[in-house]
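Me: I have this model open on my screen and would like a close look at a single part. Could you pick one spot and walk me through what surrounds it?

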Amino acid sequence: MIRIGIILGSTRPNRNGLQVAQWVLDTASRRDDAEFELIDLREHPLPHLDEPVAPMFGPSVNEHTRAWAELIGAFDGFVVVTPEYNHSAPGVLKNAIDHLFAEWADKAVGFVSYGAGGGIRAVEHLRLVCSTLRMADVSHQVAISVLTDFENFTVFTPRDHHATALNTLLDQVITWSTALAPLRQADAETTLVSS
């Protein structure tokens, strides 16, 4: 069965993202066409990229990167839950992405974002990053406003249109993750032959 990781891209104290990510997981878990797991970056602390060579050029020398690679490599696609900080994504999320290369390739990714403007500018940047990593970013996005979709800016109150948008996004991520499976299989076979 297709496995989708839900990456929570904020590690700040008092973050709103955990509520949003839990809502994504709860909604997704009602489906029977994929398995879903929450990946909280707080539980996978990574230093600023500290590998001696770029991830595309060789195996990691650091245990923390190898553990991160093993975790991410086990998924077929992702939903990234991200806030918007200063018109972009959080540094911790970009750093987690930058630690790997091959583990992201030929996998689908969708975005659930939040911020004063719904987090759409963070997603614009992440789409560019993910396309460089050979990821298929799906067109649908869930954009959540901290001004109107959180009570007192702290309690997430998803509305019906959010659930509809999320299910469309999940449909797309699962469809693309399934469609890209032969490419992931070919990459795995090439890796086995060359090693």
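**A serine and the strands beside it**

Reply: Let's start with Ser177, which, leaving aside residues up to four places away in sequence, touches Ile2, Ile4, Asp76, Gly77, Ala108 and Arg184. Keep in mind that this is a predicted model. Ser177 sits in helix H5, residues 160-179. Its relative accessible area is 0%, so Ser177 counts as buried.

Now follow one of those contacts, Ile4, into strand E1, which covers residues 3-8. E1 runs parallel to strand E2 (residues 35-40), and six bridges join the two. To get from E1 to E2 the chain passes through helix H1, residues 17-28, in a right-handed β-α-β crossover. If you want one pair to click on, Ile7 has Ile39 in E2 as its bridge partner.

The same two strands are also linked through side chains: Arg3 in E1 and Glu35 in E2 are 32 residues apart, yet they form a salt bridge with N to O at 3.9 Å. In general, side chains of opposite charge can pair when their charged atoms come close. Arg3 has a relative accessible area of 24%, so Arg3 is partly exposed. Glu35, at 43%, is partly exposed too. Glu37 belongs here as well, since salt bridges with shared partners join Arg3, Glu35 and Glu37 into one network.

So, to recap the spot: Ser177 is buried, and Ile2 and Ile4 are among the residues that Ser177 touches, while Arg3 is partly exposed and pairs with Glu35.

Methods:
Residues numbered from 1 in each chain as written. Predicted model: local features only at pLDDT ≥ 70, side-chain atom pairs only at ≥ 80, totals over all residues. Heavy atoms only, no water. Pairing = 2+ DSSP bridges. Helix = DSSP H or I, 4+ residues; strand = E, 2+ residues; numbered from the N terminus. Right-handed = clockwise from strand over helix to strand, strands pointing away. Buried < 20%, exposed > 50% of the residue type's maximum accessible area, 1.4 Å probe, protein only. Contact = heavy atoms within 4.5 Å. Salt bridge = Lys/Arg side-chain N within 4 Å of Asp/Glu carboxyl O.
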